[in-house]
Amino acid sequence: MRRLTLLTLLLLPACGVPAVRSGADRLLEPPYRDWIRGQRLGIVTNHTGIRRDFEPLFRRLEREPEMQVTALFAPEHGFAGQAQAGDEVESTRRVFSLYGAQRAPTPEMLEQVDLLIYDIQDVGTRFYTYISTLYECLRAAAQAGVPVLVLDRPNPLGGVRVEGPVLEPGMESFVGIFRLPIRYGLTVGELAELFDREAQLGADLRVVPLQGWSRDRWFDQTGLPWLAPSPNMPTLETAVVYPGFCLIEGTNLSEGRGTTRPFQLVGAPWLEAEALAGRLNGLGLAGVHFRPQPFTPTFSKYAGEDCRGVQVHVVDRERFRPVEAAVHFLVQARRLHPDRLELRDGFDRLAGNGWMRRQILAGRPAEEIIARWAEPLAAFATVRQTYLRY
């Protein structure tokens with residue numbers, strides 16, 4: 001009997017469902033190989049830019065005699081993905097950092113590049129900065145006259161649902177670079193096309209599409225290996241709660257950084273955790289249970305202090321709405337601690353508006369806050385429909 005290689009095993013279907021192949025897996029096949037043959041390649045990537053056999057794409061391309069890798073670029077967290085959130089990363093002799101003094105490739109960086117390839121695993125959430133790097137690369141490449149090739153990867157949260165407030169004009173930042181809702185339901189290839197056309201970036205853009213992916217598939221249904229995209233995104237479970245509970249970063253509550261459950265643990269030394277969990281469970285929110293759980297962060301907010309916390313348990317991810325759940329969490333926490341809970345300026349950048357913070361602080365009902373984003377979200381969903389590939 002023929003011995004099965006690692007790659008053969010990885011490509012076997014699970015439970016009768018065909019395994020998904022990323023753009024990186026397909027790049028060296030026809031017709032895509034012709035797109036890169038004879039080119040000097042710049043690659044925007046990090047540790048997540050691997051093929052199904054776990055080999056980094058840039059290493060695979062370096063062995064190809066028909067092309068040349070002349071430049072590497074890395075987003076936030078660095079080329080190996082080890083830097084903490086917000087830490088500036090210096091360029092090295094080998095890799096240009098796009099999360100330090102420079103957040104877009106300069107014309108000088110692109111001088112030896114005929115084609116810029118983007119291959120990074122996203123998490124499907126507006127304020128995760130890898131998509132801001134994508135936007136800036138599209139814009140810079142267009143200005144330099146360098147074509148861009150995006151290697152598509154699945155949205156880990158699937159591609160069906162959109163949720164949360166749409167970024168409002170004047171609120172643009174590196175954690176919200178374009179008018180998207182918090183959960184936008186697009187693959188990185190679809191998002192690149194939306195950015196290019198809706199922002200009129202003028203990029204010479206192509207996408208190597210996914211094979212075998214459908215919009216209803218979560219990442220753990222793809223057969224692709226999960227690599228933590230950043231230090232505080234260790235698991236798919238983290239990515240599921242992240243669209244809502246990253247908003248906690250803009251408060252004086254700990255969002256669980258410095259624990260093994262970032263964004264799933266929320267608390268502070270002064271939080272009445274049992275009362276808060278009881279109130280939240282009493283609301284009957286779909287797909288989620290809140291459980292009191294003390295924790296002690298090793299770094300970030302309240303480092304070394306015992307926090308009275310609440311753990312967010314997703315019991316049905318199909319029904320769970322993370323942004324809505326986070327709004328309910330903050331409304332109830334504000335009612336319990338009107339003199340302790342603070343929502344800071346960073347909250348507005350994450351929310352993409354100023355009104356959500358003001359309404360929470362004013363004690364408005366969560367249902368009223370959630371209803372306010374319905375109309376802009378519906379308008380985005382209409383625009384989004386144009387860019388769906390799968």
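Is G212 buried, exposed or partly exposed? I'll start there, because G212 has a relative accessible area of 38%, and that makes it partly exposed. Keep in mind that what you see above is a predicted model.

So, G212. You'll find it in the loop between β8 and α7. Leaving out residues up to four places away in sequence, G212 touches P18, A19, V20 and R217. And if you pick Q112, 100 residues away along the chain, the two C-alpha atoms are separated by 35 Å.

Stay on that loop for a moment, since P209 is also found between β8, which is 205-208, and α7. P209 has a relative accessible area of 15%, so this one is buried, the cut-off being under 20%. What does P209 touch, once residues up to four places away in sequence are not counted? The list is G23, R26, Y32, D152, R389 and Y390. For a distance, take E55: it sits 154 residues from P209 in sequence and 19 Å from it in space, C-alpha to C-alpha.

Okay, let me zoom out to the whole chain. We have 13 helices and eleven strands. A compact globule of 390 residues would have a radius of gyration near 21 Å, and the chain has 21 Å, so the two agree. Along the principal axes, the C-alpha atoms fill a box of roughly 65 × 55 × 45 Å. Of the 390 residues, 57% count as buried. Now look at contacts between residues at least 6 apart in sequence: 74% of those join residues at least 24 apart.

On the surface side, the chain exposes about 16,000 Å², and carbon and sulfur atoms supply 49% of that. As for charge, there are 45 positive and 46 negative ones, and their mean positions are 3 Å apart.

Next, α7, which runs 236-245. How many of its ten residues are buried? Nine of them, so the helix is mostly covered. The buried ones are L236, T238, A239, V240, V241, Y242, P243, G244 and F245. And the cover over those residues includes strands β7 (181-183), β9, β10 (288-292) and β11 (308-314), along with helix α9 (322-336). At the N-terminal end, T235 does the capping: one of its side-chain oxygens lies 3.3 Å from the backbone nitrogen of E237.

Walk on past α7 and you get into the loop that leads to β9 (265-268), and that's where T251 is placed. T251 is buried, with a relative accessible area of 0%. A polar atom of the T251 side chain lies 3.0 Å from the backbone nitrogen of L253. With residues up to four places away in sequence left out, T251 touches K301, L330, L341, E342, L343, R344 and F347.

The loop between α7 and β9 also holds F263. Have a look at the backbone there: F263 isn't a glycine, but phi is positive, about 70°. F263 counts as buried too, at 1% relative accessibility.

There's another backbone case like that at H77, in the loop between β2 (68-74) and β3 (95-97). H77 is not a glycine either, and its phi is positive at about 80°. Relative accessibility is 5%, so H77 counts as buried.

While we're on backbone geometry, where is the cis peptide bond that has an omega of about -5°? It joins P30 and P31. P31 lies in the loop between α2 (23-26) and α3 (32-36).

Last stop: N353, in the loop between α10 (345-351) and α11 (355-361). N353 is buried, at 0% relative accessible area. Its side chain reaches two backbone nitrogens, that of W355 at 3.2 Å and that of M356 at 2.9 Å. Setting aside neighbours within four places in sequence, N353 is in contact with P165, E168, M171 and D348.

If you want to click through this yourselves afterwards, I'd go back to the loop between β8 and α7 and put P209, which is buried, next to G212, which is partly exposed. Then jump to T251 and N353, which are both buried. That's what I have for today.

Terms used:
Residues numbered from 1 in each chain as written. Heavy atoms only, no water. Helix = DSSP H or I, 4+ residues; strand = E, 2+ residues; numbered from the N terminus. Rg over C-alpha atoms; globule rule 2.2 N^0.38 Å. Buried < 20%, exposed > 50% of the residue type's maximum accessible area, 1.4 Å probe, protein only. Contact = heavy atoms within 4.5 Å. Areas by Shrake-Rupley, 256 points an atom, 1.4 Å probe, with all protein chains shown as cover. Lys, Arg positive; Asp, Glu negative; His and termini not counted. Charge placed at Lys NZ, Arg CZ, Asp CG, Glu CD. Polar contact = N/O pair within 3.5 Å; in protein donor to acceptor, adjacent residues only side chain to side chain.
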